[in-house]
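Welcome! Take a look at the structure below, and then let's walk through its helices and how they meet.

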Amino acid sequence: MEPLSSYFLLSLVLLAIGIYGLIAKRNAIRLLFAVEIIINSATINFVAFSRYLQQPVITGQTFSLFAIALAATEAAVGLAIIVQAFRLNKDIDVLELKRLKG
Amino acid sequence: MRRVVHIMPDMVFIAVAVITIGAAILALESRELVYGAVALAVSFLGVAGIFILLDAVFLAMMQVLVYVGSIAVLIIFVVMLVRREKWVSIPAGKERIMGVIASVSLLAFVGFVVLGSGLTETFTSTATPPSFFEIGRQLVTEYGLTLQILGLVLALAVIGALTMAKVEGIRSK
């Protein structure tokens, strides 16, 4: 079985990819992609660390289940916001969405 | 519970990790947004494979059901609703360089800390994984209240999303 650090490095690479997407992308849907990738890397960490304890526990999987459910709500609300922003502005470039800037 | 994958776990892990990371990069960098959405679904499947390697079979099933089954399909629908030709070539010069610098520096920093921390040698678990029946027991005992609040949040989010996406006066066209 692989050492814990390989799973940790995999989740670290996914986190770095997600942060790159959050910084570099301007399309709102791509930002949603990046957030989903980051949530996935976090759930990998939960499961890996709870599996590699001296006495493995299941709590990490339970927490990951909660995280998956929250990610589903986040995707639903985020996509509704994107559809509404597209309807109002005909564009979902996040640098163009500054109506609330004041 | 016995281990799920017996044969050559190293090669399986490397293959699944490469698929996951490559699909995640493709999801952000693909030219067409629709291909990006499909690549994101592939990346979610790769994460489900990682869960199976970690003996979390139930979680892998939920990952496929929720992420690949609902979130990826929802994203593909929205991409098809709001697709425009202009996005095919958005120039991203300075932001892309900043993003690469930020993510690579994070990767190098945390990666060196982890590799230097001795996590590599000490932590190889040979203990038997706990049965996933334990998840159900925890969900109704220790985290019962959390589960109910989560259901409430889910219902409120769906209602909010429906309210937000409702079209005003679609009948009076």
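Along its sequence, chain B reads α-α-α-α-α-α-α. That pattern reflects 7 helices and 0 strands, where helices (H or I, at least four residues) and strands (E, at least two) are DSSP runs numbered from the N terminus. This is a predicted model, in which local features need pLDDT of at least 70, side-chain atom pairs count only at pLDDT 80 or more, and totals for chains, interfaces and linings use all residues. Residues are numbered from 1 along each chain as its sequence is written, chains are lettered from A and ligands numbered from 1 in the order in which they are written, and side-chain values use heavy atoms, leaving out hydrogens and water.

**Chain B overall**
- An automatic or database assignment splits chain B into domain 1 (1–84) and domain 2 (130–166).
- The C-alpha centres of these two domains of chain B are 23 Å apart.
- Of the 173 residues in chain B, 34% are buried (under 20% relative accessible area, with a 1.4 Å probe and protein chains only).

**Where two chains meet**
- Helix H2 (residues 28–51) of chain A and helix H3 (residues 57–81) of chain B have axes (lines fitted to C-alpha atoms over the stretch in contact) that come within 12 Å and cross at roughly 175°.
- H2(A) is therefore roughly antiparallel to H3(B), a label for angles over 145 degrees.
- Residues in contact (heavy atoms within 4.5 Å) include A:Phe33 and A:Ile39 from H2(A), and B:Tyr67 and B:Ile71 from H3(B).
- The residues of this contact between H2(A) and H3(B) comprise 10 nonpolar, 2 polar and 1 charged; Ala, Val, Leu, Ile, Met, Phe, Trp, Tyr, Cys and Pro count as nonpolar, Asp, Glu, Lys and Arg as charged, and the others, Gly among them, as polar.

Technical notes: Buried < 20%, exposed > 50% of the residue type's maximum accessible area, 1.4 Å probe, protein only. Axes fitted to C-alpha atoms, helices over the stretch in contact; angles between N-to-C directions. Parallel < 35°, antiparallel > 145°, perpendicular 65-115°, else oblique.
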